[in-house]
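The following explanation is best read with the sequence and the coordinates side by side. It begins with a single residue, turns to a sheet, and ends with the chain as a whole.

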Amino acid sequence: MAMLLTVSSAAAAGPARLDEGLVRSKQQSGSAAMAPAKDIEAPGISGVALPHGFVPGSGMGLQGPNTGPGTAQYLDLNTQWSDTLDAQNAQGWYYVYVPANGKVTAFLQTVGNTSIDYDLYLYKFNPVDGTLTPQAQSFYAPAHYEQVSTTAAAGDYYFVMVHAYQGADPVNPYTLAVMYSNTPDSDEPDDNPWQARSLSTAVSVTRTLDNAFDEDWRVLTVAQQNTFAFSLNTAATGTYQLQIFSNPHGTPAATVSKNTQSNYQLPAGTWYVRVLSLDTVTPGTSYTLRIGAAASAITLTSVDTDGGYGGYLDYGAGNAWRVYRTATVNGRVVDKFGNGVPNAPVTVVVYTPSTYQSQSQASGVSGADGFFSVYVNLPAAAGRYSYDNWVSMHYFDLASVSIQADVASTSTVLYHFAYSIYQPH
């Protein structure tokens, strides 16, 4: 694709602080349809040395028509700028200075015309030889915003190019916002599907959204059709959402709201997941994303207890585990193929209807092979029933344990031991 050397650039009102209107535009297009990715080459600018007029650290320099890197418009971080492109293949160039380690995010709100397609590119400036190295690109379809990001070190300069890939609008401006975040998470940059991090289908990760425009993209490969559990948990007040794509250039196949879990059957293939907020972001508050095969069965392997009163015995109601003041419930969760399900939230409830408390509940998470061990405190038993073992009389209550993981559940009887009285026959 040829680089246009001379293009007029309509004067804008000047840089402005980020406004709510631009944020709302992002919200409205958060689940907009995306056309298939374009198989294109970036305009050929990498390796082109900047003119001597650009002196790193000189602040606002290179003010001009901004049609190429040598005349790029300087922007302060956390501001936005509106401008136009006059013809197809036209370019608008900008650059920012990064004062401290962090992350730079560029967000482009395009003109909203389905016949006009603008793309966004991000480059790092090399002060040794004056060249630009590509960092990221965004190739969404017409009428969809573009977004790129990169982690940055103190003293770095980054250049942003808006490119008219198809058509142009010399009247209606685009709006470019460039944000700085000082607390990016370890997966950044991952702000679009071309930057998506590869994950397995059994993962639980805790990350953050570092600014109002941040999006965290992940790609996972499903080797075998299965039912998968998706959850997104956070204490952040914003409208955080998890979106699942069969194709990152289409509408979401499913969405999961924060602090909920949903199960979906995914055929074998490549799937994409995006986490974003539809409104506000709390950078210091993390979210936890869980993706994994949904548990379809639970096996109870043992129940341990304190005081030496454990065991699997028959007090007249069949063989069952005996518990005292505590119960450590051990077992395994598996999917429909019998494979262990890791990272599955497991809830254990022990019902003790004859005691001072009707139920005791605790939660845990299964390990790498699906095994779990959940500890539950229990009230004292009243001893409504008795069992004569010919050496002593054992007093106990009938209780039960219920285990839930995803859509799977199981329950069984327990003997809740109270006390014994020595009375040999």
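Does K103 count as buried or exposed, and why? The model under discussion is predicted. Within it, K103 belongs to strand β5, which spans residues 102–109. The relative accessibility of K103 is 0%, and because the limit for a buried residue is under 20%, K103 counts as buried. The side chain of this lysine also has a polar partner: a polar contact at 2.9 Å links the side chain of K103 to the side chain of D214.

A second region to examine is an open sheet formed by three strands, arranged in the order β20-β23-β26 with antiparallel pairing. Its edges are β20 (297–304) and β26 (371–377), each of which pairs on one side only. On average, neighbouring strands of this sheet are turned by 25 degrees against each other, if direction is ignored. Between β23, which covers residues 326–334, and β26, there are seven bridges, and the two strands run antiparallel. Within this pairing, A327 stands opposite V376 of β26.

The wider setting can now be described. The protein contains 29 strands and one helix. It has 425 residues, of which 50% count as buried; K103 is one of the residues that count as buried. Among contacts in the protein with a separation of 6 or more, 74% come from residues 24 or more positions apart. The exposed area of the protein is about 17,600 Å², with carbon and sulfur atoms supplying 49% of it.

Notes:
Residues are numbered from 1 along each chain as its sequence is written. This is a predicted model: local features need pLDDT of at least 70, side-chain atom pairs count only at pLDDT 80 or more; totals for chains, interfaces and linings use all residues. Side-chain values use heavy atoms; hydrogens and water are left out. Helices (H or I, at least four residues) and strands (E, at least two) are DSSP runs, numbered from the N terminus. Buried means under 20% relative accessible area, exposed over 50%, partly exposed in between (1.4 Å probe, protein chains only). A polar contact is a pair of N or O atoms within 3.5 Å; within protein, one must be able to donate a hydrogen and the other to accept it, and residues adjacent in sequence count only if both atoms are side-chain atoms. Two strands pair if DSSP finds at least two bridges between them. Axes are lines fitted to C-alpha atoms, for helices over the stretch in contact, and angles run from 0 to 180 degrees between N-to-C directions. Contact means heavy atoms within 4.5 Å. Accessible areas come from the Shrake-Rupley method with a 1.4 Å probe; for residues, only the protein chains shown count as cover.
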